[in-house]
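Welcome, and take a moment to look around before reading on. Below is a short tour of some side chains and the company they keep.

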Amino acid sequence: MYYFYIIQCKDSSLYCGSTKDLANRNKLHNSGKGSVYVRTHGGGAIIYSEKFKTIGDAMRREIEVKKWPRLKKLKLIKNI
């Protein structure tokens, strides 16, 4: 399984990514070894994820959601 995920950083900003291992990716982000964005925004927690059969599908979803405005991402997270 592969995952698309959203992290809410400590400054309340949102980061979108994709991975094969959610728990490990979350640890990497919070250890400062993940993305530069999450590191510079104080780390955070994965607050949303979706499962996919291929990494390509997860990455396509990541690219799609990254283009969305913040409000649309929050609606996805809250399932409004």
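Let us begin with Tyr 15, which counts as buried at 14% relative accessibility. Please keep in mind that this is a predicted model.

Which residue's ring pairs with that of Tyr 15? The partner is Tyr 37: the ring centres are 6.0 Å apart and the planes meet at 20°, so the pair is stacked. This pair joins distant parts of the chain, with Tyr 15 in strand β2 and Tyr 37 in helix α2 (residues 36-40), 22 residues apart. Tyr 37 is partly exposed, at 33% relative accessibility. Together with Tyr 5, these two tyrosines, Tyr 15 and Tyr 37, make up one aromatic cluster.

The structure holds three aromatic pairs. Another of them brings together Phe 4 and Tyr 48, whose ring centres are 6.4 Å apart; their planes lie at 70°, so this pair is edge-to-face. Here too, distant parts of the chain are linked: Phe 4 belongs to strand β1 (residues 2-9) and Tyr 48 to strand β3 (residues 44-52), 44 residues apart. Phe 4 is buried, at 0% relative accessibility, and Tyr 48 is buried as well, at 17%.

Phe 4 has many neighbours to meet. Leaving out residues up to four places away in sequence, Phe 4 touches Cys 16, Gly 17, Ser 18, Tyr 48, Ser 49, Glu 50, Phe 52, Ala 58, Arg 61, Glu 62, Val 65 and Leu 76.

Phe 4 and Tyr 48 also belong to the largest nonpolar core, a group of ten residues. The other members are Ile 6, Leu 14, Cys 16, Phe 52, Ala 58, Val 65, Trp 68 and Leu 76. Strands β1, β2 and β3 and helix α3 (55-66) are the elements that each give two or more residues to this core. Apart from it lies another core, of seven residues, including Ile 7, Cys 9, Tyr 15 and Val 38.

Trp 68, from the largest core, has a charged companion. The charged end of Lys 72 sits over the ring of Trp 68, at 4.4 Å from the ring centre.

Now for the cysteines. How many disulfides does the structure hold? There are zero. Cys 9 is in no disulfide, and the nearest cysteine sulfur, that of Cys 16, is 10 Å away. Seen from the other side, Cys 16 is in no disulfide either, its nearest cysteine sulfur being that of Cys 9, at 10 Å. A disulfide needs sulfur atoms within 2.5 Å, so a pair at a greater distance does not count. Cys 9 is buried, with a relative accessible area of 4%, and so is Cys 16, at 3%.

Our last stop is Thr 19, in strand β2 (residues 14-19). Is Thr 19 buried or exposed? Its relative accessible area is 11%, so Thr 19 is buried. The side chain of Thr 19 reaches the backbone nitrogen of Asp 21 at 3.2 Å. Beyond its neighbours within four places in sequence, Thr 19 is in contact with Tyr 2, Tyr 3, Tyr 5, Arg 25 and Ile 55.

Here are the accessibility values of several residues from the tour, side by side.

| Residue | Relative accessible area | Class |
|---|---|---|
| Phe 4 | 0% | buried |
| Cys 9 | 4% | buried |
| Tyr 15 | 14% | buried |
| Cys 16 | 3% | buried |
| Thr 19 | 11% | buried |
| Tyr 37 | 33% | partly exposed |
| Tyr 48 | 17% | buried |

Conventions:
Residues are numbered from 1 along each chain as its sequence is written. This is a predicted model: local features need pLDDT of at least 70, side-chain atom pairs count only at pLDDT 80 or more; totals for chains, interfaces and linings use all residues. Side-chain values use heavy atoms; hydrogens and water are left out. Helices (H or I, at least four residues) and strands (E, at least two) are DSSP runs, numbered from the N terminus. Buried means under 20% relative accessible area, exposed over 50%, partly exposed in between (1.4 Å probe, protein chains only). A polar contact is a pair of N or O atoms within 3.5 Å; within protein, one must be able to donate a hydrogen and the other to accept it, and residues adjacent in sequence count only if both atoms are side-chain atoms. Contact means heavy atoms within 4.5 Å. Rings of Phe, Tyr and Trp (its six-membered ring) pair if their centres lie within 6.5 Å; planes under 30 degrees apart count as stacked, over 60 as edge-to-face and the rest as tilted. A charge sits over a ring if NZ of Lys or CZ of Arg is within 6 Å of the ring centre and within 35 degrees of the ring normal. A nonpolar core is a set of buried Ala, Val, Leu, Ile, Met, Phe, Trp, Tyr and Cys residues joined through side-chain atoms within 4.5 Å.
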